[in-house]
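User: I am a first-year student, and I would like a close look at the inside of this protein, with the overall setting explained along the way.

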Amino acid sequence: MSSTTVEEVSGVAGWAIGLMETLGAPGAGIAIALENLFPPLPSEVILPLAGFTASKGNMTLFDAVLWTTLGSVIGALALYGIGALLGRERVIAIASRLPLISVSDIEKTEAWFARHGKKTVFFGRMIPIFRSLISIPAGVERMPISIFTILTLAGSLIWNTAFVMAGYTLGENWELVERYMGIVSKAVLGVVLLAIVIFIWVRVADRRKGKHHAR
């Protein structure tokens, strides 16, 4: 089985390792906070790297988990703030201008979030892509920030601990985590894209039927 040394790492992984080697555990926290704000930066790479770096003695395992979880919470709160500043009225105003989107779609989403918001915030921390995005509707709906923070902390702690531990255990073979989680991330993205396509297809079909009956 092949292994990866620090000298061979490049791209996002190389940037993350450089940040951790320069700043230690806080560097891992900064990387994860940025990952929340910019989902293309994958936590599936950064977290195992934090564990790998800890296994080399550059930080303790406890610090790796602590700082990455702190980074997750800070990044999520920043997105929550964006959602809160955006607000319901602006979201509805934007939705009313978008093709194929109606105010009723927003109302249905609000009703769904009112019923399942807590579970969504908690479990969403463990789902690629949704991990970042879920913070915005939580802010829009003004979920109590204390509850949002606790749920985010709990979900992030589970996710981060699992991946940091995986990187710590695998050591220089940390890239195995990225390889297999990359497949999961692509599958989730595929499901999201399929859902969007189905939504557009159904909405266009409904519009055509409405025009046909109006004649």
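User: To begin with, how much area does the chain expose, and what share of it do carbon and sulfur atoms supply? After that, please take me to the largest cavity and tell me which residues line it.

Analyst: The model is a predicted one, and in it the chain exposes about 11,900 Å², of which carbon and sulfur atoms supply 70%. Of the 215 residues of the chain, 41% count as buried, and the secondary structure comes to nine helices and zero strands. Among contacts with a separation of 6 or more, 76% join residues that are 24 or more positions apart in the chain.

With that setting in mind, we can turn to the cavity. The structure holds one cavity of 30 Å³ or more, and about 40 Å³ of space lies in it. Its lining is made up of Ile32, Glu35, Ser43, Ser72, Arg125, Arg131, Ser156, Trp159 and Asn160, and these residues divide into two nonpolar, four polar and three charged. Helices α2 (25–37) and α8 (145–170) each supply at least two residues of that lining, with the largest share, three residues, coming from α8.

Two of the lining residues, Ser156 and Asn160, lead us to threonine 69, since Ser156 and Asn160 are among the residues that threonine 69 contacts, along with Leu153 and Leu157, once its neighbours within four places in sequence are left aside. Threonine 69 is found in helix α4, and it counts as buried because its relative accessibility is 4%, where the limit is under 20%. Although threonine 69 and asparagine 160 are 91 residues apart in sequence, their C-alpha atoms are 6.4 Å apart in space.

The nonpolar cores complete this view of the inside. In soluble globular proteins, nonpolar side chains tend to be buried together. Here the largest nonpolar core has 21 residues, of which Met20, Ile46, Leu47, Leu49, Ala50, Met59 and Val164 touch the most other members. Helices α1 (11–23), α2, α3 (43–55), α4 (61–97) and α8 each supply at least two residues of this core, while the largest share, seven residues, comes from α3. Methionine 59, taken on its own, touches Met20, Gly24, Ala25, Ala28, Ala50, Thr53, Ala54 and Ala64, not counting residues up to four places away in sequence. Apart from the largest core lies another, of ten residues, including Phe113, Ala138, Phe148 and Leu151.

Methods
Residues numbered from 1 in each chain as written. Predicted model: local features only at pLDDT ≥ 70, side-chain atom pairs only at ≥ 80, totals over all residues. Heavy atoms only, no water. 1 Å grid on protein atoms, 1.4 Å probe; cavity = no way out; pocket = protein on both sides within 12 Å on 5 of 7 lines; lining within 4 Å. Points joined across faces, edges and corners; volume = space filled by probe spheres on them. Helix = DSSP H or I, 4+ residues; strand = E, 2+ residues; numbered from the N terminus. Nonpolar A, V, L, I, M, F, W, Y, C, P; charged D, E, K, R; others polar. Core = buried A, V, L, I, M, F, W, Y, C linked by side-chain atoms within 4.5 Å. Buried < 20%, exposed > 50% of the residue type's maximum accessible area, 1.4 Å probe, protein only. Contact = heavy atoms within 4.5 Å. Areas by Shrake-Rupley, 256 points an atom, 1.4 Å probe, with all protein chains shown as cover.
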